[in-house]
Amino acid sequence: MKEDLKYNTKQRSVLLCCGGKACPEIYTKDKTHIQIRDDKGFVITLSREQAMLIPEALEVLEEKEKT
């Protein structure tokens, strides 16, 4: 999975690529927040604590989709 992550040294961000053309980008806003920019330019700001919950939230979604 980490092989799909590309660090952009110029923007100081990580591209979340999965083989498609448009890749979301994640970067640090400040010490307590990150931002995610989608391929259309929309930006969402999350606290680092909220961002850390994303993998667990994905697991919940996957479990619920099985039922």
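This tour moves through selected residues of a predicted model, from strand to helix.

**Stop 1: strand E2**

Select Ser-13, which is found in strand E2, residues 13-16. With a relative accessibility of 1%, Ser-13 counts as buried. Display its surroundings next. Apart from neighbours within four places in sequence, Ser-13 is in contact with Lys-6, Tyr-7 and Asn-8, as well as with Glu-25, Ile-26 and Tyr-27. Keep Glu-25 selected for the following stop.

**Stop 2: strands E3 and E4**

How many salt bridges does the structure hold? There are 2. One of them joins Arg-37 to Glu-25, and the closest N and O atoms of this pair are 3.1 Å apart. Arg-37 belongs to strand E4 (residues 33-37) and Glu-25 to strand E3 (residues 25-30), so the pair ties together parts that are 12 residues apart in sequence. Side chains of opposite charge can pair when their charged atoms come close.

Colour the two partners by accessibility. Glu-25 has a relative accessible area of 11% and is therefore buried, whereas Arg-37, at 29% relative accessibility, counts as partly exposed.

**Stop 3: from strand E5 to helix H1**

Proceed to Ser-47, placed in strand E5, which covers residues 43-47. Is Ser-47 buried or exposed? Its relative accessibility is 15%, so Ser-47 counts as buried. Once neighbours within four places in sequence are set aside, the contacts of Ser-47 are Thr-32 and His-33.

Now select Glu-49 in helix H1, which comprises residues 48-52. Glu-49 counts as exposed because its relative accessibility is 57%, and the exposed class begins over 50%. Add Ile-34 to the selection and display the C-alpha separation: the two residues are 15 residues apart along the chain, and their C-alpha atoms are separated by 9.7 Å.

**Stop 4: helix H2**

The last stop is helix H2, residues 54-66, in which Leu-58 lies. Show the surface for Ile-54, Leu-58 and Leu-61. These residues form a nonpolar patch on the surface, and their accessible area together is about 260 Å². Within this patch, Leu-58 has a relative accessibility of 46% and so counts as partly exposed.

Finally, select Glu-63 and Lys-66. Which interaction links their side chains? They meet in a salt bridge, at 3.5 Å from N to O. Both residues lie in helix H2, 3 residues apart, or about one turn of the helix. Glu-63 counts as partly exposed at 49% relative accessibility, while Lys-66 counts as exposed at 66%.

Methods:
Residues numbered from 1 in each chain as written. Predicted model: local features only at pLDDT ≥ 70, side-chain atom pairs only at ≥ 80, totals over all residues. Heavy atoms only, no water. Patch = residues over 30% accessible without salt bridge, like charges linked within 9 Å, V, L, I, M, F, W, Y side chains within 5 Å. Areas by Shrake-Rupley, 256 points an atom, 1.4 Å probe, with all protein chains shown as cover. Salt bridge = Lys/Arg side-chain N within 4 Å of Asp/Glu carboxyl O. Helix = DSSP H or I, 4+ residues; strand = E, 2+ residues; numbered from the N terminus. Buried < 20%, exposed > 50% of the residue type's maximum accessible area, 1.4 Å probe, protein only. Contact = heavy atoms within 4.5 Å.
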